[in-house]
Amino acid sequence: MAAMTIAKLAKMKADGEKIASLTAYDASFAKLFAQQGVDFMLVGDSLGNVVLGESSTLPVTIDDVAYHTRAVRNGAPDAFVMADMPFMSYATPQQACQEAAKLMRAGANMVKLEGGDWLLDTIRQLVERSVPVCAHLGLLPQSVNVLGGYKVQGKEASAAENTLRQALALQEAGAQLLVLECVPSSLAKRITEALDIPTIGIGAGPDCDGQILVMHDMLGMNSDYLPKFVKDFLAEANDLAGAVDLYVKQVKEGSFPGPEHSFKG
């Protein structure tokens with residue numbers, strides 16, 4: 001299979017072809033995901049929770065993400081790999097450029113940042129310096145202490161309008177993808193229709209251009225707590241490869257996520 005690119009992801013949006021993505025943290029799973037047709041992989045700072053056993057993503061460092069990015073790149077040389085910039089690694093544009101370079105050298109094709117208006121100048125500077133950027137709105141796990149917990153965002157009309165405005169501003173600044181996390185399906189639909197760049201949903205309903213899940217959630221490995229937007233695909237499949245194949249198939253055909261995995265406004 002030819003290597004995935006940002007241009008191909010944009011064309012998938014234009015053509016109405018759904019994008020299926022997963023988090024990945026090591027070479028073995030990265031190879032499996034590539035073989036099963038996952039369109040891109042995210043080396044998420046969720047590794048703090050699912051790999052390191054932390055209670056949040058906040059302890060994760062840029063070196064942690066770079067280490068796992070290198071592993072994922074080695075396992076899937078032709079894959080499109082996005083890497084999270086962890087908590088306080090992009091507090092200023094200058095710091096963001098320095099830290100993003102570590103992830104790009106480790107094998108990332110793109111970096112992901114959480115936040116809205118305050119990031120516009122940072123995104124401009126990263127893109128000017130040849131670092132592709134994925135933005136992230138809605139629930140921002142790195143801001144859990146400010147938000148007061150893991151709650152659905154953008155439910156009120158004013159908050160929804162503000163999220164839509166920020167999405168457009170992030171696109172204008174140069175972001176080429178946008179992750180929407182835990183927002184009402186109706187808001188995600190509005191944003192997806194308003195943007196030229198692809199939207200990737202996690203708990204954002206079926207109308208985003210693509211979907212992403214934490215691989216451990218998708219495989220039912222966090223059985224003590226599965227969020228509303230998660231489905232255990234391994235429970236329906238015979239093995240790991242079958243679970244990944246089923247996830248990709250259901251995202252592509254639009255049967256996942258269903259109403260039971262989505263939030264109303």
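What volume does the second largest cavity have? I looked this up first. The second largest cavity has a volume of about 30 Å³. I keep in mind that this is a predicted model.

**Entry: the second largest cavity**

I listed its lining. I202, G203, A204, G205, Q211, I212, L213, F229, F256, P257 and H261 line this cavity. I then asked which element gives the most to that lining. Strand β8, residues 210–213, does, with 3 residues. I sorted the lining by class and found 7 nonpolar residues, 4 polar ones and no charged residues.

**Entry: the largest cavity**

I went on to the cavity count. There are 2 cavities of 30 Å³ or more. The largest cavity has a volume of about 40 Å³. Its lining is made by K18, P206, C208, D209, G210, Q211, V251, G254, F256 and P257. Here I found 5 nonpolar, 3 polar and 2 charged residues. I noted F256 in particular: F256 lines the largest cavity and also lines the second largest cavity. Q211 and P257 likewise appear in the lining of the largest cavity and in that of the second largest.

**Entry: aromatic pairs**

F256 sent me to the rings. A pair of aromatic rings is described by the distance of the centres and the angle of the planes. How many aromatic pairs does the structure hold? I read 6 aromatic pairs.

I took F233 and Y247 to begin with. Their ring centres are 5.4 Å apart and their planes stand at 80°, so I wrote the pair down as edge-to-face; the cut-off for that is over 60 degrees. F233 lies in the loop between α10 (215–218) and α11 (240–253), while Y247 lies in helix α11, so this pair ties together parts that are 14 residues apart in sequence.

Is F233 buried or exposed? F233 counts as buried, because its relative accessibility is 0% and the limit is under 20%. Y247 is buried too, with a relative accessible area of 0%.

Next I checked F233 against F256. The ring centres of F233 and F256 are 5.2 Å apart and the planes are at 80°, so this pair is also edge-to-face. The pair links distant parts of the chain, with F233 in the loop between α10 and α11 and F256 in the segment after α11, 23 residues apart. Both F233 and F256 are buried. I closed the point with one note: F233, Y247 and F256 form one aromatic cluster.

**Entry: a charge over a ring**

I looked at one more ring. Which residue lies over the face of F263? I found K228 there, at 5.9 Å from the ring centre.

Notes: Residues are numbered from 1 along each chain as its sequence is written. This is a predicted model: local features need pLDDT of at least 70, side-chain atom pairs count only at pLDDT 80 or more; totals for chains, interfaces and linings use all residues. Side-chain values use heavy atoms; hydrogens and water are left out. Rings of Phe, Tyr and Trp (its six-membered ring) pair if their centres lie within 6.5 Å; planes under 30 degrees apart count as stacked, over 60 as edge-to-face and the rest as tilted. Helices (H or I, at least four residues) and strands (E, at least two) are DSSP runs, numbered from the N terminus. Buried means under 20% relative accessible area, exposed over 50%, partly exposed in between (1.4 Å probe, protein chains only). A charge sits over a ring if NZ of Lys or CZ of Arg is within 6 Å of the ring centre and within 35 degrees of the ring normal. On a 1 Å grid over the protein atoms alone, a cavity is a set of points where a 1.4 Å probe fits but cannot get out, and a pocket is an open set with protein on both sides within 12 Å along at least five of seven lines; lining residues have an atom within 4 Å of a point. Grid points are joined across faces, edges and corners, and a volume is the space filled by probe spheres set on the points. Ala, Val, Leu, Ile, Met, Phe, Trp, Tyr, Cys and Pro count as nonpolar, Asp, Glu, Lys and Arg as charged, and the others, Gly among them, as polar.
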